[in-house]
Amino acid sequence: MNSVVKGTGYILVHTPDMVIHNGTTQTTERVVNPESEYLKELPSHLRSFQDVLAYWPNQTYIGNVTPAQLAEQGTSWVDMKCSVTDRHGKYGEIMPQAEFLLLMQICDCFDVVKLEKAFVAEHKAAIAEHPLFDEEMVGRLNEGVEISEIEHLVNEEHAEGLYHNNKLVGCVKRAHDIDVNLSAHVMHENLVSKASSVLALLHAVKNAGIDKSEVEYVIDCCEEACGDMNQRGGGNFAKAAAEIAGLPNATGSDTRGFCAGPAHAIVEAASLVKAGTYKTVIVTAGGCTAKLGMNGKDHVKKGLPILEDMLGGFAVVISQNDGVNPEIDLSILGRHTVGTGSAPQAVIGSLVADPLARAGLKITDIDKYSPEMQNPDITKPAGAGDVPLANYKMIAALAVKNGDLDKKAMPEFLTKHGLVGWAPTQGHIPSGVPFIGPARDEMLAGELNTAMIIGKGSLFLGRMTNLFDGVSFVIRKNSGEVEEGGVSTEKVKKLIAESFRQFAATLAVDDE
Amino acid sequence: MGMLEGKKAIIIGDRDGIPGPAIAECVKTAGAEVVFSSTECFV
C-alpha cells in the first residue's frame with residue numbers, strides 16, 4: 001500500500017549577523033570590493049526579530065497562516081504587518097539568532113563551537129525552557145569560554161566568528177590544520193545545516209504524534225557536503241542530526257540533487273515504506289548560510305529590507321498507511337531524464353504532463369501544483385520574476401497545448417491550481433516541499449484531493465554536467481484502506497485452503 | 001547567412017528563465033560560435 005504523510009515540521013531561523021558574515025554575496029563583495037557602498041549600507045537594511053515575526057510569508061511557512069490567507073493579502077507583503085506575530089506555529093517555529101547559536105553548540109560533537117560565557121549565561125534559560133529540547137540536549141550546552149580565547153581563535157587560528165548584534169560572541173574552530181574540507185568555514189556551514197535540521201526533526205516528530213523510537217530511517221536532502229580530504233562528500237548529515245534529536249532506532253543516509261534533493265528524497269522514503277523496508281522514515285533538511293542575502297544588492301538598491309535573512313528547515317514524516325493521512329501515490333512519478341533536454345517546456349513536460357498522461361490523467365485533474373515556492377517579494381526586485389507564477393504559466397500553457405484547457409481559462413487555472421510563493425530562497429527549501437504541510441491539513445479537512453509536488457535542480461552549478469534535473473510525485477487524500485499488518489487477503493485465503501486440505505487429509509487417514 | 005554569422009557568443013542563462021543550452025542552440029542556428037555558455041541560479 002502507499003505510504004502516508006504522517007506529519008511535517010517547518011522551521012525558520014532569523015540570522016541577520018550571518019547575512020553579513022557568511023552570505024556569499026557579502027563575503028565575495030568583501031574580497032573584490034571591500035569599500036563598497038553596498039557593504040556600508042547593508043546593516044541599516046537588516047530586519048529585527050519582531051519584523052520577521054510580523055512578515056506574512058514567514059508566518060505561512062510555520063503554519064500560522066494558510067497559503068490561501070496569504071494570497072488574499074496580494075502578492076507583495078514587504079510593507080505589511082501580519083495579523084499573527086507568534087514565534088511558534090502549527091508546523092514549527094521562527095527561532096531567534098541567539099538561541100540558534102546555542103543550538104549550534106549543542107549540535108557540535110567535536111568541541112569546535114566556542115561561545116562567550118556571558119552570552120551563554122544570558123540565553124541558556126531560553127534553551128532550557130524550549131518545549132522540544134530534552135534534558136540530554138540541554139545537558140550538551142557548556143558554560144562557554146572567555147572572549148579573549150574566542151578573539152585569539154578568530155585572529156590567530158582561522159576560526160569563523162559567530163556574531164550577535166554585530167558583536168563577536170563566539171566562533172567555530174577549524175577541525176583540521178590543513179584539510180580545507182574541515183576548515184572553519186565548512187564546519188560553520190555544516191553545523192548550521194545540522195542544527196536547523198535537528199530543529200525541523202524535533203517539530204516533525206512532535207507534529208506527527210509519534211514516539212522518537214519509532215523512527216527507523218532519516219534521509220537528509222540539504223545541499224551541503226561533509227567529509228574530510230579523503231572523502232569530501234562522505235556525508236550522513238541524516239544520522240548526525242538523528243543522534244542529537246534523540247532518535248535511538250534510526251539510521252539514515254543523505255540524498256543530494258541540488259534543489260531537487262527533497263523531492264528525490266521523499267520518493268525514496270515513500271518507496272522504502274511502501275516496500276516494507278522501514279515503517280517510519282523522515283526526510284529532513286537544514287538551512288544554508290551561503291544563500292543569506294544572496295539578492296541583497298538589489299534589495300538595498302531598491303530601498304528594501306534584506307529579506308534573505310532567514311535560514312529554512314523542514315522535515316516530513318512518512319509512515320505506513322493508516323487509512324487517514326494523505327497517501328504518496330508512487331504510480332504517478334515525473335522525472336527529468338538524461339534525454340529530456342533543458343528547455344522550460346521540456347522540463348515541465350517531463351515533470352507534469354508526461355506522468356499524468358501515463359496515468360490517463362489531464363493536467364486539470366490535479367487540484368494544486370507545488371513547484372518552486374520562492375517568495376516573490378525576494379525574487380521580483382532582483383529581476384528573477386515570480387518563480388511559482390512562471391512555473392504555473394508553463395503548466396497552463398502545456399495544458400492548453402495538450403487540449404486539457406481552453407486558452408481563455410488560463411488566468412483562472414493559475415489561481416485555481418496555483419499558489420503564491422512563501423518560502424525563503426534557500427535553494428532546496430522552497431522546492432515543492434513547503435506545501436506538503438498545508439496540503440496534508442487540507443486533505444484531512446476534505447478540502448483538497450490531489451497535489452503534485454515538483455522539485456527541480458540546477459545540476460550544472462556543480463560543473464559536472466550541463467543537465468538540469470527534476471522529479472515530481474502526487475499526494476492524494478487517503479482512500480480509507482488500512483494496512484493489514486503484512487498479511488494480504490490472498491494470503492489469508494491461501495492459509496485457510498491449506499488448513500482445509502490438511503484437515504481433509506487427516507480424515508482420510510482416520511477412514512483407513 | 002545567419003544574423004549572427006561570424007560572431008562569438010558568451011551566454012549566461014538563467015535557471016528560471018532561459019537556460020544556457022537552449023540559448024546556445026538558438027544562436028548556433030543563427031551562425032554564432034558559442035565560446036562560453038553557463039546557466040546560473042539566483043534562488
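## Two oblique helices

Helices α11(A) and α12(A) are oblique to each other, because their angle of about 60° falls outside the ranges for roughly parallel, roughly perpendicular and roughly antiparallel. This is a predicted model. The axes of the two helices lie 9 Å apart. Their crossing is right-handed. Helix α11 covers residues 184-208 of chain A, and helix α12 covers residues 237-245 of chain A.

Both helices supply side chains to the contact. From α11(A) come Ser193(A), Lys194(A), Ser197(A), Val198(A), Leu201(A) and Leu202(A). From α12(A) come Phe237(A), Ala240(A), Ala241(A), Ile244(A) and Ala245(A). By class, the residues of this contact are 8 nonpolar, 2 polar and 1 charged.

## The nonpolar cores

The largest nonpolar core has 131 residues. Within this core, Val283(A) and Val316(A) touch the most other members. Helix α11(A) gives the core its largest share, 14 residues. Another core lies apart from it and has 13 residues. Among the members of that other core are Ile378(A), Ala382(A), Val387(A) and Val43(B).

Val283(A) deserves a separate entry. Neighbours within four places in sequence are set aside here. Val283(A) is then in contact with Ile219(A), Cys221(A), Pro262(A), Ala265(A), Ile266(A) and Ala269(A). Ala315(A), Val316(A) and Ile318(A) are also in contact with Val283(A).

## Helix α19 of chain A

Helix α19(A) spans residues 436-444 and is mostly covered. Of its 9 residues, 7 are buried. These are Ile436(A), Gly437(A), Pro438(A), Ala439(A), Arg440(A), Glu442(A) and Met443(A).

Several elements of chain A help to cover the buried residues of α19(A). They include the strands β1 (3-14), β9 (310-319), β11 (368-370), β12 (450-457) and β13 (469-476). Helix α6 (67-72) is also included. Just after α19(A) comes Gly446(A), with a positive phi of about 75°.

## Thr340 in its loop

Thr340(A) sits in the loop between β10 (327-335) and α15 (344-358) of chain A. Thr340(A) counts as partly exposed because it has 18 C-beta neighbours inside 10 Å, while a buried residue needs 20 or more and an exposed one has 12 or fewer.

With neighbours within four places in sequence left aside, Thr340(A) is in contact with Ala346(A), Val347(A) and Ser350(A). Phe413(A) lies 73 residues from Thr340(A) in sequence. In space, the C-alpha atoms of Thr340(A) and Phe413(A) are 26 Å apart.

## Chain B and its contact with chain A

Chain B has 43 residues, and 30% of them count as buried. Its secondary structure amounts to 1 helix and 2 strands. The order from the N terminus is β-α-β. The C-alpha atoms of chain B fill a box of roughly 40 × 15 × 10 Å along the principal axes. Among the contacts in chain B with a separation of 6 or more, 61% join residues 24 or more positions apart.

The contact between the chains takes 18 residues from chain A and 10 residues from chain B. The side of chain A that touches chain B has 9 nonpolar, 8 polar and 1 charged residues.

Definitions and conventions
Residues are numbered from 1 along each chain as its sequence is written. Chains are lettered from A and ligands numbered from 1 in the order in which they are written. This is a predicted model: local features need pLDDT of at least 70, side-chain atom pairs count only at pLDDT 80 or more; totals for chains, interfaces and linings use all residues. Helices (H or I, at least four residues) and strands (E, at least two) are DSSP runs, numbered from the N terminus. Two residues are in contact if their C-beta atoms, placed from the backbone, lie within 7 Å. Ala, Val, Leu, Ile, Met, Phe, Trp, Tyr, Cys and Pro count as nonpolar, Asp, Glu, Lys and Arg as charged, and the others, Gly among them, as polar. A nonpolar core is a set of buried Ala, Val, Leu, Ile, Met, Phe, Trp, Tyr and Cys residues joined through C-beta atoms within 7 Å. Axes are lines fitted to C-alpha atoms, for helices over the stretch in contact, and angles run from 0 to 180 degrees between N-to-C directions. Angles under 35 degrees count as roughly parallel, over 145 as roughly antiparallel, 65 to 115 as roughly perpendicular and the rest as oblique. A crossing is left-handed if the near helix is turned anticlockwise from the far one by less than a right angle, and right-handed if clockwise.
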